[in-house]
Structures are given as C-alpha cells and as structure tokens.
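The exercises that follow each set a task and then work through a solution step by step. Please keep the sequence and the coordinates at hand while reading.

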Amino acid sequence: MNSLLVATDLSARSEHAILRAVRLVRDFGCDWTLLHVVDEDYPESVLEHQVAQITELLLARVDRLETLCGRRPRVLVCAGDAERCIGEMSLELGVDLVLLGRHRPSAAREAFVGTTGERVLRRARLPVLRVSGPAEEDYRGLLLALDLSPTSAAALRRSRDLGLLERYRSWVLYAFEPFAKGFMLYAGIDQAQMREHVAETERRAARALRTFLAEQEANFPEERLRVSEGAPLEVVRRTQAELRPQLLVIGTHGQLSLKKAMLGGLATALLKEGAGDILCVPPQA
C-alpha cells in the first residue's frame with residue numbers, strides 16, 4: 001500500500017476512520033490525505049468561509065497525527081457533492097485505498113438516496129474500507145469471504161496487492177448450501193443419506209475453492225481455509241464470532257439497477273448491521 005485517503009465529515013465516526021488510517025500508515029509507511037467536502041449549496045461567501053475554517057481546523061491536527069504515525073497527512077477541503085469529490089480526488093491522487101467512517105443511519109433519507117458511504121461504495125473504482133468503530137488496536141486477523149466469482153477474484157487480488165494478506169493473519173471463507181437437502185427432508189430421505197449428501201457437497205465445494213485459489217495464484221495453508229454449510233450471511237457471522245478477525249474483506253458488485261444489487265445482498269446486510277471493519281472491493285478495482 002503506497003497511499004490512502006480518509007474522507008472525514010468531522011464527526012466522531014469519521015474520527016474512527018482517521019485513527020484507523022494512522023495505524024495503517026504506521027504499518028505500511030504510506031502517504032495519506034485527509035479530505036473534507038463542504039456542501040456546495042451554501043452561498044459563495046459562506047462557502048469560502050467554511051472551506052477556510054475547516055482547512056485551518058484540519059491543519060491544526062497534522063503535527064499530532066504525524067507524531068502518531070510518522071507521516072504528515074496532506075489536507076484537502078473542497079466544495080461539491082461528497083460522493084463525486086471523494087471519487088474524483090481518490091483517482092486524481094492515485095491512492096490505493098479510501099477510508100470512511102460508519103454513517104449515522106437515517107431511514108427516511110436512505111429510502112431515497114442512501115448514506116454518503118453507500119453512494120461512494122456503489123460508484124467506487126477503488127477499495128473502500130468502512131471503519132465501524134474505534135481503532136483501539138492494530139489489525140491482526142483478516143477474513144476474506146469469497147463466492148468464487150470474478151468479483152471475489154478482484155477482492156483477493158487487491159487484498160494481496162495492498163499487502164494485507166502478507167501483513168495480517170488471513171483466513172479464506174467459502175459458504176456452500178446443499179440445495180437438495182430441503183427436498184430430501186420433504187421426501188423423507190433418511191438422515192444417513194442426507195449427511196452423505198451434505199458431506200459430498202462440502203467436498204465438491206472445497207475442491208472448487210482450491211481450484212479458484214490456484215487460478216488466482218494464491219497460496220493459503222489448509223488450516224486457513226474454511227468451507228462451511230449455510231447461507232452466506234449466516235456463515236460469515238458464525239465465522240467472525242469464532243475467529244474474531246479485525247477486518248472482513250468482501251467483493252461488491254458495481255452499478256446495477258437496484259440498490260441491493262449494487263452492493264450485493266451480503267455486502268448490503270453486513271454494512272447495515274455494522275459487522276466490524278469491512279474492506280469492500282469493486283470488480284473494477
């Protein structure tokens with residue numbers, strides 16, 4: 001990882017993202033930028049005053065932040081649409097990663113446009129790290145949830161390129177569902193046959209996962225591979241509770257017609273329930 005950008009709205013949630021960035025900068029020795037976007041709907045005189053005031057506020061912090069991580073952050077404050085500015089500035093600066101805090105939920109607003117974080121994620125062309133809570137410790141463990149799709153391949157590739165897989169203890173998770181199990185229950189098939197069906201499905205899933213990893217030239221020790229029966233969301237929750245990774249990595253699905261499809265059902269559910277820090281990787285990353 002060579003550079004990262006933290007988008008801050010000056011809230012406590014954004015402060016979590018800034019302090020997580022401090023830890024990442026310390027881990028990777030990378031350059032970093034603090035970005036604040038002022039709403040462009042203000043009158044020009046008010047807008048100029050706000051940009052100047054917030055720039056001064058952020059610049060007052062850079063000495064302390066440099067002391068914490070050894071790298072002085074660049075400060076940028078601009079006026080415009082937050083989603084557009086974050087996307088454009090991250091590409092213009094050539095950063096490898098964007099960090100966002102978890103936004104306060106607002107049911108009425110989300111019904112129409114979603115939070116700023118969700119909108120950034122839908123349009124992102126770079127990995128986006130959604131920081132859920134206080135950065136009280138360095139990352140030590142990482143869980144990479146895969147579905148063997150091209151999107152998962154992008155998530156795996158970018159995690160490796162960022163240096164995360166090398167730096168942190170990493171597990172790979174693949175959820176499988178034996179679809180005939182429900183039919184077998186309905187048909188009154190005995191338990192021994194159902195157990196064998198589930199076991200055979202698990203063996204096929206494990207082979208598919210190993211083939212996928214081999215195609216991506218990714219080597220993980222056998223004990224770091226988890227193949228678990230169940231719906232993906234249930235399996236991720238269960239595995240997080242067992243392994244306690246500080247970071248979850250998932251692929252997202254780009255811009256489609258429906259909000260839920262834009263992130264994928266799993267990503268949407270995990271982001272909404274807060275499920276710890278989540279690195280979301282779009283397919284074009």
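A residue is called buried under 20% relative accessible area, exposed over 50%, and partly exposed in between, with a 1.4 Å probe and protein chains only. The model is predicted, and local features need pLDDT of at least 70, side-chain atom pairs count only at pLDDT 80 or more, while totals for chains, interfaces and linings use all residues. Residues are numbered from 1 along each chain as its sequence is written, and side-chain values use heavy atoms, with hydrogens and water left out.

**Exercise 1. Determine which residue forms a salt bridge with R23, and whether R23 is buried or exposed.**

Step 1. A salt bridge requires a side-chain nitrogen of Lys or Arg within 4 Å of a carboxyl oxygen of Asp or Glu; by this rule the model has 16 salt bridges.

Step 2. The partner of R23 is D138, with the closest N and O atoms 2.7 Å apart. R23 belongs to helix 1 and D138 to the loop between strand 5 (128-131) and strand 6 (141-146), so that the pair links distant parts of the chain, 115 residues apart. Helices (H or I, at least four residues) and strands (E, at least two) are DSSP runs, numbered from the N terminus.

Step 3. R23 has a relative accessibility of 18% and therefore counts as buried, whereas D138, at 28%, counts as partly exposed.

**Exercise 2. Examine the salt bridges of E15 and of R71, and state where the members of each pair lie.**

Step 1. E15 pairs with R61, the closest N and O atoms being 2.7 Å apart. E15 is in helix 1 and R61 in the loop between helix 2 and helix 3 (62-69), 46 residues apart. E15 is partly exposed at 25% relative accessible area, and R61 is partly exposed at 27%.

Step 2. The side chains of R71 and D31 form a salt bridge at 2.8 Å, N to O. Because R71 lies in the loop between helix 3 and strand 3 and D31 in strand 2, this pair ties together parts 40 residues apart in sequence.

**Exercise 3. Describe the order of the strands in the sheet, and identify the strands at its edges.**

Step 1. Two strands are taken to pair if DSSP finds at least two bridges between them. Ten strands form an open sheet with mixed pairing, in the order 3-2-1-4-5-10-9-6-7-8.

Step 2. Strand 3 (74-80) and strand 8 (225-229) each have a single partner strand, so one side of each is left without a neighbour in the sheet.

Step 3. Within the sheet, strand 1 (residues 3-7) and strand 4 (residues 97-101) run parallel and are joined by three bridges; L5 has V98 in strand 4 as its bridge partner.

**Exercise 4. Find the residues with the most contacts inside the largest nonpolar core, and the helix that gives the most to this core.**

Step 1. A nonpolar core is a set of buried Ala, Val, Leu, Ile, Met, Phe, Trp, Tyr and Cys residues joined through side-chain atoms within 4.5 Å. The largest such core has 55 residues, and L4, W32 and L99 have the most contacts inside it.

Step 2. Helix 1 (residues 12-28) gives the most to this core, contributing seven residues.

Step 3. A second, separate core of 15 residues includes W171, A175, I250 and L271.
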